[in-house]
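Let's take a quick look around this model together. We'll start with some enclosed spaces and then move on to a pair of helices.

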Amino acid sequence: MALSRGLRCCQRVFSWIPVLIIAAVMLWSYYAYVFELCLFTLTNTLEKVAYLLVFHVCFVMFSWTYWKSIFTPPASPCKKFQLSYSDKQRYEFEERPDAQKQILVEIAKKLPIFSRAHSGAIRFCDRCQVLKPDRCHHCSVCETCVLKMDHHCPWVNNCVGFANYKFFLLFLAYSMVYCVFIAATVFQYFLKFWVGDLPNGPAKFHVLFLMFVALMFFVSLMFLFGYHCWLVSKNRSTLEAFTAPVFVSGPDRNGFNVGIRRNLQQVFGEDRRLWFIPVFTGQGNGHYFPLKNRSSESRNPLLANEDLWEESDDGSEGSLVEDHDPSVTIEMEE
């Protein structure tokens with residue numbers, strides 16, 4: 001037990017190494033651009049002020065979105081999807097597997113769950129003791145179920161999911177803007193140092209290295225950001241792009257695709273003025289998502305409106321019941 005705790009502790013410590021690498025590159029780029037380029041190399045005051053002003057705007061947005069991506073929890077299923085104390089007691093003391101499955105089926109009747117496991121069973125996480133909402137997956141690194149899980153990103157040491165996916169996209173976008181701005185403004189001085197028009201000194205190394213690092217990061221970020229833009233347009237997560245979500249009618253990669261405009265609004269919200277600000281503006285609460293094929297929802301129109309089953313202000317639980325097929329089984333996932 002002590003060894004296991006020690007290994008987990010070491011894993012948590014080492015998991016911050018990629019974040020520290022990015023932070024170190026950010027701090028070095030700030031020093032190299034502000035001091036070595038703008039203060040020690042540039043001679044035109046107007047150019048110096050303009051560069052510093054735009055640079056700091058890019059740097060603040062880059063840092064802000066990175067901070068939000070790291071420290072915003074991706075959100076986990078609410079208590080409505082967890083087994084209550086009485087249900088957990090019934091489930092644990094019941095020795096017959098079929099009876100255990102039936103207990104979970106009864107619980108699932110109250111929830112807006114439309115996706116299934118590959119076997120056709122309702123998805124259940126045995127580790128977290130929750131019925132998984134649509135698009136929810138268990139992260140073995142974070143050791144919890146994550147709503148609308150996209151992937152676990154080591155560069156932010158966090159799961160990218162429902163609550164922080166917008167921040168992750170903005171982080172990629174502002175990282176690209178940051179790299180492009182640095183490369184565009186450093187380029188002429190890169191050439192001057194390269195051909196010897198400017199004297200050798202500490203600034204030469206920093207300017208040359210700034211150019212290479214900015215271009216290298218831009219190319220890698222461009223492909224990653226483009227891929228996630230495509231995912232947003234299709235309303236898919238990275239996991240769903242590799243493994244299609246399964247519904248009662250079978251697998252469907254476009255099961256949550258409700259059109260580009262509505263897909264964007266699910267992530268960024270309806271107020272376009274806030275799209276590029278790292279504040280949460282997404283629609284819903286991560287437990288329910290509109291379906292492309294609404295036939296499943298139409299079986300119970302009450303569940304088509306997520307507000308009707310959300311927790312009330314006093315924390316009481318709703319009692320809406322969906323017409324699930326009682327023959328549906330439960331699959332317990334590790």
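How do the residues of the lining of the second largest cavity divide into nonpolar, polar and charged? There are five nonpolar, four polar and three charged ones. Keep in mind that this is a predicted model.

Now for the cavities themselves. The structure has two of 30 Å³ or more, and here they are side by side:

| Cavity | Volume | Nonpolar | Polar | Charged |
|---|---|---|---|---|
| Largest | about 90 Å³ | six residues | three residues | two residues |
| Second largest | about 80 Å³ | five residues | four residues | three residues |

Around the largest cavity you'll find, among others, Lys148, Phe162, Tyr165, Gln266, Val267 and Phe289. Helices α6 (165-195) and α9 (260-268) are the elements that give two or more residues to that lining. The second largest cavity is lined by residues including Lys148, Asp150, Tyr165, Leu231, Arg236 and Val267. Here α7 (202-234) and α9 each supply at least two residues. So Lys148, Tyr165 and Val267 turn up in both linings.

Next, the helix pair. The axes of α2 (residues 17-39) and α3 (residues 45-71) come within 11 Å and cross at roughly 170 degrees. Since angles over 145 degrees count as roughly antiparallel, α2 is roughly antiparallel to α3. Where they meet, α2 brings residues such as Pro18, Ile22, Met26, Tyr30 and Leu39, while α3 brings Lys48, Leu52, Phe55, Phe59 and Ile70, among others. By class, this contact has 16 nonpolar, three polar and one charged residues.

Technical notes. Residues numbered from 1 in each chain as written. Predicted model: local features only at pLDDT ≥ 70, side-chain atom pairs only at ≥ 80, totals over all residues. Heavy atoms only, no water. Axes fitted to C-alpha atoms, helices over the stretch in contact; angles between N-to-C directions. Helix = DSSP H or I, 4+ residues; strand = E, 2+ residues; numbered from the N terminus. Parallel < 35°, antiparallel > 145°, perpendicular 65-115°, else oblique. Contact = heavy atoms within 4.5 Å. Nonpolar A, V, L, I, M, F, W, Y, C, P; charged D, E, K, R; others polar. 1 Å grid on protein atoms, 1.4 Å probe; cavity = no way out; pocket = protein on both sides within 12 Å on 5 of 7 lines; lining within 4 Å. Points joined across faces, edges and corners; volume = space filled by probe spheres on them.
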